[in-house]
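Here are some notes to read alongside the structure. Take them one at a time, with the view open next to you.

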Amino acid sequence: PYWDTMSTPPAFSGYVQVRGAREHNLKDLSLRVPRDALVVFTGVSGSGKSSLAFGTLYAEAQRRYLESVSPYARRLFHQVGAPDVDAIEGLPPAVALQQQRGAPTARSSVGSVTTLSNLVRMLYSRAGVYPPGQDIIYAEGFSPNTPEGACPSCHGLGRVYEVTEASMVPDPSLTIRERAVAAWPQAWGGQNQRDILVSLGINVDVPWHTLPQDTRDWILFSDEQPVVPVYPGLTPDETRRAVNRGAEPGYMGTFSSARRHILHTFASTESASMKRRVQGYMVSAACPVCRGKRLRPDALAVTFAGYDIADFSRLPLKQVAALLRPYASGHEDGHAGLLEQRPEQALARQRVTADLVARLDVLLNLGLGYLQLERSTPTLSPGELQRLRLATQLYSNLFGVVYVLDEPSAGLHPADTEALLAALAGLKAAGNSLFVVEHDLDVVRRADWIVDVGPGAGEHGGEILYSGPPEGLRRVDGSRTAEYLFRTAPQPARHPRIPAGWLELHGVTRHNLQDLSARFPLGALTCVTGVSGSGKSSLVSLALAETLAAHFGQENTGQDRAPGAEEELGETPVAPSAARLGGDVAALTRLVQVNQKPIGRTPRSNMATYTGLFDHVRKLFAATPLARVRGYGAGRFSFNVKGGRCEHCQGEGWVMVELLFLPSVYAPCPVCHGARYNAATLEVQLRGRNVAEVLGMTVDAAWTFFKDDPAVFRSLDTLREVGLGYLRLGQPATELSGGEAQRIKLATELQRAGRGHTLYLLDEPTTGLHPADVERLARQLDRLVEAGHTVIAVEHDMQLVVGSDWVIDVGPGAGDEGGQLVAQGAPAQVAQARGSRTAPYLARALD
Ligand code: ADP
Ligand code: ADP
Ligand code: ZN
Ligand code: ZN
């Protein structure tokens, strides 16, 4: 075994023994890893690290747990399949802290995922300052999500939707006949209302604003619904005479004010486009009763340290901790007095605040002090969310558990990574094991034990190159990890490019950025650095992206981490920043944002469909002799439309199985067994493979298979270049990590990159990449710049930063302590900058 080569065998309390692991690409692996230790799984992307750590070790721990609690789940595992492994011994129960794949859907906040909100409510309930005579409120009464706590006016939403004259009548110079009341239905419905007004004697042929105010108000806002005779086709004069005569009407019409129509349609329509149309006539405003604070007035009347609970939840966690600290230690003014008069209240206050401070300190140590309790989780990055979950584990005081983590350094500045390592050390010291999939060499260096998987990706990987204490990896030939971990030769010096011009951005006010100006070199690769929460994304992914998108008249593609998150939550829509562009903006012809948002939310979209390469594949199938004889067109080979697909699962290959009390699980379709197509379609073969088999190929395999089909080959070649050779063509979008999604978008863009001058905005493109893959990525980005384009990336990986032409360091700290441009210049210049937290790491990487 590997550890026999060590002079002194390390002392561990015990081992987890794995025999015969064959999940995905793993090649019948046997190994042992220590318990109560930090074990880091390394290897190039696609080598099989996750298949071992998550797919085998965690999956097995979870299977054992579920089997012990639910016979139903046990049955299901026979369908889904347990991990492919002969035996695992000595495995403790496991908790996985995985990066969120796909879009988060839960409506949660920092306070709720960390459970801190519960404690804060307890604090307000037991130790808040109540107005004289007011009864004590139970903790639930401070939650806008309970009937006890919710503001009765807005039902806890904080916002109300209302209609105004201006919102329903956008152009008051029009007459009613000219559809001044734009909010009324189009076509017949609107004409009907107009005819009703004619019967009611209202002048529909004068400009709206000349009508008396009370008439206008009645038309727009009345709750009355008079039923009146309608004479379609008659002029107003003829109608008046007909009404007076009591002539037989065409029909009886029911009046409905514009407001009634809007509110009714909004509440009851099932058509999304109808809903959107009427929403256009509504304005949303902070609820006048709770002023957007979502709670009932008597809950808001209770204060602590002068804040109501809503304002308290909007303070940065760092400030909350500072505010509570004196209470926690019993040193605040008035503690002695309260202890005398109301000892139980004084004690409750000290206990709850002490608990809160202890928990907040864990979050501050993980560099998350800039967040607020009320910040909604869909607006957080996956790395921030993972660290929040980690913090929750840290104070849950479990022991004897293995924590399985997926690249916890993602999104972390090297300075923040130190804090993360301290937190992991804390979990270990409490008697837990840590299995971490990680690329960051600073984390790898701290491991007690390294499992290096490789040597390559997919079928070229899946072997254990090394399993043992870090030092021993030095002697392992063929390990890409060893190459970088023990690299002594400095990176070759490079000369930053001379910019072809400058793009300027002025007056950026967004989150923690105040009236900031920045400039970005054109025809160059720029890295924007800074600690987590310093304002990098606010500057690049929001302000710059939106301002440029508006400039180009493109729909902005990079609003937030989860598309539509803010609207779904009914939150205050972000005011578009009023930043101004300057400098050589005219030189740019296009903006492309390559971010980590999922490429699709359903298993129906996958890499092959997203990149467009599947279109070519389907045409190749349609051109085969059998397809032509049977009259199958390219559409026959799509799993998204009727015809060629398996109708039982409608081309998904999976069916959802609902589990009582447990998350529902997908199981392979019993008809097509996951192939997604019906039998007749699968009879058509292209060079011996059917379409399902082609979707099952990895990019690498397909690259060989399609060598002579230029259109398909070109796509595959770029996918390989960005390090995705190990992915299967049909891998569902929902199984892809954010980093993989970003690289697929990048590959798609690389194929398109043509003439003109495109500005590419990237969001931590090295996420999920081994240093060897980072090198390849850097070459691709260089190629874009060589072709005359501009690349701006938010990035933490010093390997990429060192190789860039220009660095913009944002900071110096997070939240209120950040938001400034600390340093700008070539990497070597910024490495010397004083007061920059990036400089020391950059200097080290340049050595
Ligand atoms: P790493 O974590 O080292 O990047 P993975 O364990 O994710 O690598 O992948 C190893 C191999 O297993 C790759 O070839 C990948 O395409 C394949 N693979 C990953 N997930 C699945 C899956 N759900 N089904 C089939 N193959 C998979
Ligand atoms: P970085 O990209 O450097 O990690 P961000 O730009 O995400 O930093 O954050 C800068 C500051 O703005 C932080 O204090 C953060 O909490 C705040 N912030 C970022 N996004 C939002 C949001 N959607 N709502 C409220 N505050 C936000
Ligand atoms: Zn309200
Ligand atoms: Zn099926």
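How do the residues of the shell around ligand 2 divide into nonpolar, polar and charged?

1. Before we get to that, a word of orientation: what you're looking at is a predicted model. The domain assignment splits the chain into domain 1 (2-103 + 376-485), domain 2 (110-158 + 288-365), domain 3 (161-286), domain 4 (501-558 + 577-595 + 758-767 + 785-846) and domain 5 (608-702). To get a feel for the layout, try domain 3 and domain 4, whose C-alpha centres are 51 Å apart.

2. Now the ligand. The shell around ligand 2 has 2 nonpolar, 11 polar and 2 charged residues. That is 15 residues around ligand 2, and the closest are His 511, Lys 536, Ser 537, Ser 538 and Gly 815.

3. Next, have a look at the open sheet of 3 strands, which runs in the order 17-16-19 with antiparallel pairing. Strand 17 (513-522) and strand 19 (580-583) are at the edges with a single partner strand each, so each has one side without a neighbour in the sheet. On average, neighbouring strands here are turned by 20° against each other, if you ignore direction.

4. Staying with that sheet, strand 16 (residues 501-510) pairs with strand 19 in the antiparallel sense, over 4 bridges. If you want a spot to zoom in on, find Leu 503, which stands opposite Gly 583 in strand 19. Helix 20 (residues 536-552) packs on this sheet and touches strand 16, strand 17 and strand 19. The direction of helix 20 makes about 110° with that of strand 16.

5. There's also an open sheet of 6 strands, in the order 5-12-13-3-14-15, and its pairing is mixed. Its edge strands are strand 5 (94-97) and strand 15 (463-468), each of which pairs on one side only. Neighbouring strands in this sheet are turned by 15° against each other on average, direction ignored.

6. For a parallel pair in the 6-strand sheet, go to strand 12 (residues 402-406) and strand 13 (residues 433-437), which pair over 5 bridges. Leu 405 stands opposite Val 436 in strand 13. Which strands does helix 17 lie across? Helix 17 (residues 414-429) lies across strand 3 (38-42), strand 12 and strand 13, and it runs at about 145° to strand 13.

Conventions
Residues numbered from 1 in each chain as written. Chains lettered and ligands numbered in written order. Predicted model: local features only at pLDDT ≥ 70, side-chain atom pairs only at ≥ 80, totals over all residues. Near = placed C-beta within 6 Å. Nonpolar A, V, L, I, M, F, W, Y, C, P; charged D, E, K, R; others polar. Pairing = 2+ DSSP bridges. Helix = DSSP H or I, 4+ residues; strand = E, 2+ residues; numbered from the N terminus. Axes fitted to C-alpha atoms, helices over the stretch in contact; angles between N-to-C directions. Contact = placed C-beta atoms within 7 Å. Domains from an automatic or database assignment.
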